[in-house]
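Student: I would like to learn how to read a protein structure. Could you take me through one, feature by feature?

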Amino acid sequence: MTDAHCHVCRGEGRRFICDPAGSVPGPGDVVFRGWHPWFLDGFDSESLRAALAEDPSLGVGEIGLDRLKSRDITDRMRSAFEEQLAVAAEFGRPVVLHGAKCWGQVASACRPYAGRIPAFLFHGFSRSGGLVPDIEAMNGFISIGPALLNDHAVNYRELAASVPERMLLVESDATAETASALPSVSAIAARLAALRGVPTEEMESVLESNADRFVHSLN
Ligand SMILES: [Zn+2]
């Protein structure tokens with residue numbers, strides 16, 4: 001199974017890794033580079049541009065906006081996001097998005113780049129389904145995470161059951177600190193299959209072909 005979003009190498013199978021600091025990606029893994037909205041110290045879009053120019057296999061991420069750590073989105077956060085979207089569009093690379101508590105604003109910022117940015121991953125997306133048709137229209141994917149295994153996450157399960165099949169991915173969002181405590185993406189896929197009333201193998205093959213489509217534009 002493909003782990004569609006993580007920060008360290010863990011488990012079996014392919015991984016889409018954002019900034020694998022200190023972790024060495026395997027041959028099938030796909031690496032994404034970018035400045036996360038929590039960590040903008042030293043932000044410089046020129047070095048991202050140089051990295052993409054040098055390596056055609058790189059995606060862009062994790063980038064976006066955040067209202068989890070502070071209520072307001074700063075100008076600096078917004079301009080770093082915009083600049084990185086522009087660089088991703090310039091090179092035609094898929095993007096992994098962060099949008100905690102501000103997914104509407106993230107989607108609005110991405111919309112003008114639809115087509116020039118080949119695909120978007122709305123990682124950790126947990127809003128109700130209202131934004132889903134918009135996300136679908138820009139070739140966006142929604143990755144379902146470990147919260148699906150929490151029996152109290154009723155709204156999240158409703159979202160996971162209703163997202164169109166061709167947009168679905170599964171993710172761990174594993175970091176060096178959290179990796180050992182997280183369920184496997186196979187366990188998330190099995191729960192997703194049960195929730196949607198399809199055989200597990202069928203769900204797994206859908207998720208794999210979606211993962212292929214998300215990174216299709218990369219060499
Ligand atoms: Zn992450």
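Tutor: Gladly! Let's start with a pair of strands. Strands of a sheet pair through backbone hydrogen bonds, and the pairing is either parallel or antiparallel. In this predicted model, strand β2 (residues 15-18) and strand β3 (residues 30-33) are a good pair to look at.

Student: Do β2 and β3 pair in the parallel or the antiparallel sense, and over how many bridges?

Tutor: The sense is parallel, and 3 bridges join β2 to β3. To see the pair up close, find isoleucine 17, which stands opposite valine 31 in β3.

Student: Which strands make up the whole sheet, and in what order?

Tutor: There are 8 strands in an open sheet, with parallel pairing, and the order is β1-β2-β3-β4-β5-β6-β7-β8. At the edges stand β1 and β8; each has a single partner strand, so one side of each has no neighbour in the sheet. From one strand to the next, the twist averages 30°.

Student: Now the helices. Which strands does helix α2 lie across?

Tutor: Helix α2 (residues 75-91) lies across β4 (59-64) and β5 (95-98), and α2 runs at about 160° to β4.

Student: And what about helix α7: how many residues does it have, and how far does it reach?

Tutor: Helix α7 (residues 200-214) has 15 residues. From its first C-alpha to its last, α7 reaches 21 Å, close to the 21 Å expected at 1.5 Å a residue.

Student: Which residues of α7 are buried?

Tutor: They are Met203, Glu204, Leu207, Asn210, Ala211 and Phe214. These residues cover an arc of only 125° around the axis, which puts them on the same side of α7. Turn to the face pointing away from that buried side and you will find the exposed residues Glu201, Glu202, Ser205, Ser209 and Asp212.

Student: What do the buried residues of α7 pack against?

Tutor: They pack against β1 (3-6), β6 (120-123), β7 (140-144), β8 (168-170) and α6 (185-196).

Student: Let's step back to the whole protein. How many helices and strands does it have?

Tutor: The secondary structure comes to 7 helices and 8 strands. Buried residues make up 41% of the 219 residues.

Student: What does the radius of gyration tell me here?

Tutor: Compare it with a compact globule: with 219 residues, such a globule would have a radius near 17 Å, and the protein has 16 Å, which agrees. Along its principal axes, the C-alpha trace spans about 45 × 35 × 35 Å.

Notes: Residues are numbered from 1 along each chain as its sequence is written. This is a predicted model: local features need pLDDT of at least 70, side-chain atom pairs count only at pLDDT 80 or more; totals for chains, interfaces and linings use all residues. Helices (H or I, at least four residues) and strands (E, at least two) are DSSP runs, numbered from the N terminus. The radius of gyration is taken over C-alpha atoms; the globule rule is 2.2 Å times the number of residues to the power 0.38. A residue is buried if 20 or more other C-beta atoms lie within 10 Å of its own, exposed if 12 or fewer, and partly exposed in between; C-beta atoms are placed from the backbone. The expected span of a helix is 1.5 Å times one less than its number of residues. The arc is that of the directions from the helix axis to the C-beta atoms. Two residues are in contact if their C-beta atoms, placed from the backbone, lie within 7 Å. Two strands pair if DSSP finds at least two bridges between them. Axes are lines fitted to C-alpha atoms, for helices over the stretch in contact, and angles run from 0 to 180 degrees between N-to-C directions.
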